[in-house]
Each structure stands twice: as C-alpha cells, then as structure tokens.
Amino acid sequence: MIQNETITNILTRVTVRRFTDEPVSDEALHILLQAAMAAPSSMNFQPWHFIVVRDEAVMQKLKDCLPYAKMINKGCTGIVVCGDVSLYESINKIDKEDNTLYWVQDCSAASENLLLAAHSIGLGAVWTGIYPLESRVDKLRDLLSVPVHIVPLNLILVGHPVNIPQPKNKWNKTKIHYDKF
C-alpha cells in the first residue's frame with residue numbers, strides 16, 4: 001500500500017471532544033485558516049467566510065444554543081464556517097439552474113482541510129453541525145450578527161487534546177461499486 005505523510009494524516013485523523021485549557025496560538029489558527037482556504041471550490045467562487053470565536057462569553061452562548069457543542073471549554077477556539085450564497089446569483093441567471101447549494105460542498109471541503117490541518121499540527125478538532133437546521137442557523141445568525149446572505153454551515157471546535165482516541169478503521173469494501181451500483 002502506498003503510504004506517505006498525507007495518507008497517514010488522513011487515516012489517523014479522529015474527532016476530539018476533550019480539550020485542555022491551553023489556548024490555540026495565533027500561528028496555529030493562521031495555519032488552519034490558510035489550509036481551509038486552500039480547498040477546492042466550484043467555479044472558484046470560494047464562498048467561505050470564517051468567524052473565529054475566542055471570547056469566553058460568546059463561547060458559552062454557543063455551548064448553550066448548539067446541542068452538540070457541549071464540549072466547549074476555556075482552551076477551545078471556535079471556527080464557524082459559513083458560505084456566501086449571494087455569489088451564485090449571477091451564474092444562476094446565466095445557466096438557469098440553481099447552483100446556490102455548491103457553497104455546501106465548497107465549505108465542507110474547507111472544513112475537512114481545517115480538520116486535517118489541525119490533526120497534522122497536533123491539535124484536536126470536532127465538527128458540529130448547524131446547517132441545514134434552520135433553528136440552529138437562526139440562533140447563530142442572531143448570536144454572531146451574520147448577514148442574511150451568509151449561511152453558517154458548522155462550528156469546528158479546535159484545541160489541544162486531552163487525549164487522542166484510536167482511529168477507527170472505516171474501510172468497507174461492500175460500499176465500493178464499479179461501473180454501476
């Protein structure tokens with residue numbers, strides 16, 4: 001099997017839900033955001049916006065309004081990955097199709113890059129869902145003053161892991177189909 005640093009990073013990345021109180025450095029945060037913005041993007045629209053949340057009071061409000069963000073603690077940095085749906089208006093008029101939802105794919109790719117980058121520099125991270133649940137989207141819009149054309153996709157919590165769980169082997173050859181289902 002071909003093995004290299006990138007493949008190892010992908011195969012050993014795990015979700016981390018327990019963090020120390022040590023803050024994430026500005027340098028690490030810059031690397032994570034740079035990696036996120038290196039993601040592929042449909043028509044190169046790069047619809048992503050990132051809201052970095054470090055304020056403890058705001059983090060507590062995130063913890064209170066998002067059911068799967070209960071692991072927030074003092075050392076966490078929150079990164080809300082959002083997409084700008086207004087970018088697709090011009091292309092929708094040209095090809096008469098609704099390309100608006102490509103922001104979800106683009107921002108998901110950016111999110112995965114961020115998760116892999118966190119793992120590669122020794123940080124832990126967890127993706128908590130926001131979109132497509134309107135109640136969660138609305139709560140984040142209100143809490144973080146997000147404009148109507150920007151949609152919060154997820155909240156990624158990043159921090160120094162208390163421990164790193166063993167990676168799960170998710171390989172399942174029954175999920176692979178060749179030429180037809």
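The following paragraphs lead through a predicted model, taking in a helix pair, the spaces enclosed by the protein, a buried strand residue and some backbone details.

The helix pair comes first. Two packed helices are described by the angle between their axes and the distance between the axes. For helix α2 (residues 26-36) and helix α5 (residues 102-120), the angle is about 145° and the axes lie 7 Å apart. The crossing of α2 past α5 is right-handed. On the α2 side the contact is made by L32, A35 and A36, which meet A110, N113, L114, A117 and A118 of α5. By class, this contact comprises 7 nonpolar residues and 1 polar residue, with no charged residue.

Helix α5 also takes part in enclosing an internal space. A search of the whole structure finds 1 cavity of 30 Å³ or more, and the largest cavity holds about 70 Å³ of space. Its lining consists of R13, V14, V16, L115, A118, H119, L123, G124, A125, P161 and I164. Two or more of these residues come from each of α5 and β3 (124-129), and α5 supplies the largest share, namely 3 residues. In chemical character the lining divides into 8 nonpolar, 2 polar and 1 charged residues. A118 thus appears both in the contact with α2 and in the cavity lining.

Open pockets come next. The largest pocket contains about 480 Å³ of space. It is lined by 15 residues, of which L11, R13, K168, N169 and K170 are the closest to its centre. The lining of this pocket is made up of 7 nonpolar, 4 polar and 4 charged residues. R13 belongs to this pocket lining and also to the lining of the largest cavity.

The second largest pocket has a volume of about 150 Å³. Around it stand E5, T6, N9, I10, L116, A117 and S120. Helices α1 (5-12) and α5 are the elements that each give two or more residues to this lining, with α1 giving the most, 4 residues. The lining residues comprise 3 nonpolar, 3 polar and 1 charged. Here A117 recurs: this α5 residue, part of the contact with α2, also lines the second largest pocket.

Attention now turns to strand β2 (residues 77-84), where T77 is found. T77 has a relative accessible area of 3%, which is under 20%, and therefore counts as buried. Beyond its neighbours within four places in sequence, T77 is in contact with V24, L29, V52, V53, R54, M59, I156, L157 and V158. One of these partners, L29, lies within the residue range of α2. I164, which lines the largest cavity, is 87 residues from T77 along the chain, and the C-alpha atoms of the two are separated by 18 Å.

Some backbone details complete the account. The peptide bond from Y131 to P132 is cis, with omega near 15°, and P132 is found in the loop between β3 and α6 (134-144). In the loop between α2 and β1 (48-53) is M43, a residue other than glycine whose phi is positive, near 55°. Q46 is found in the loop between α2 and β1 as well; although Q46 is not a glycine, its phi is positive at about 45°. M43 is partly exposed, with a relative accessible area of 39%, and Q46 counts as partly exposed at 38% relative accessibility.

Methods
Residues numbered from 1 in each chain as written. Predicted model: local features only at pLDDT ≥ 70, side-chain atom pairs only at ≥ 80, totals over all residues. Heavy atoms only, no water. Axes fitted to C-alpha atoms, helices over the stretch in contact; angles between N-to-C directions. Left-handed = near helix turned anticlockwise from the far one by under 90°. Contact = heavy atoms within 4.5 Å. Nonpolar A, V, L, I, M, F, W, Y, C, P; charged D, E, K, R; others polar. 1 Å grid on protein atoms, 1.4 Å probe; cavity = no way out; pocket = protein on both sides within 12 Å on 5 of 7 lines; lining within 4 Å. Points joined across faces, edges and corners; volume = space filled by probe spheres on them. Buried < 20%, exposed > 50% of the residue type's maximum accessible area, 1.4 Å probe, protein only.
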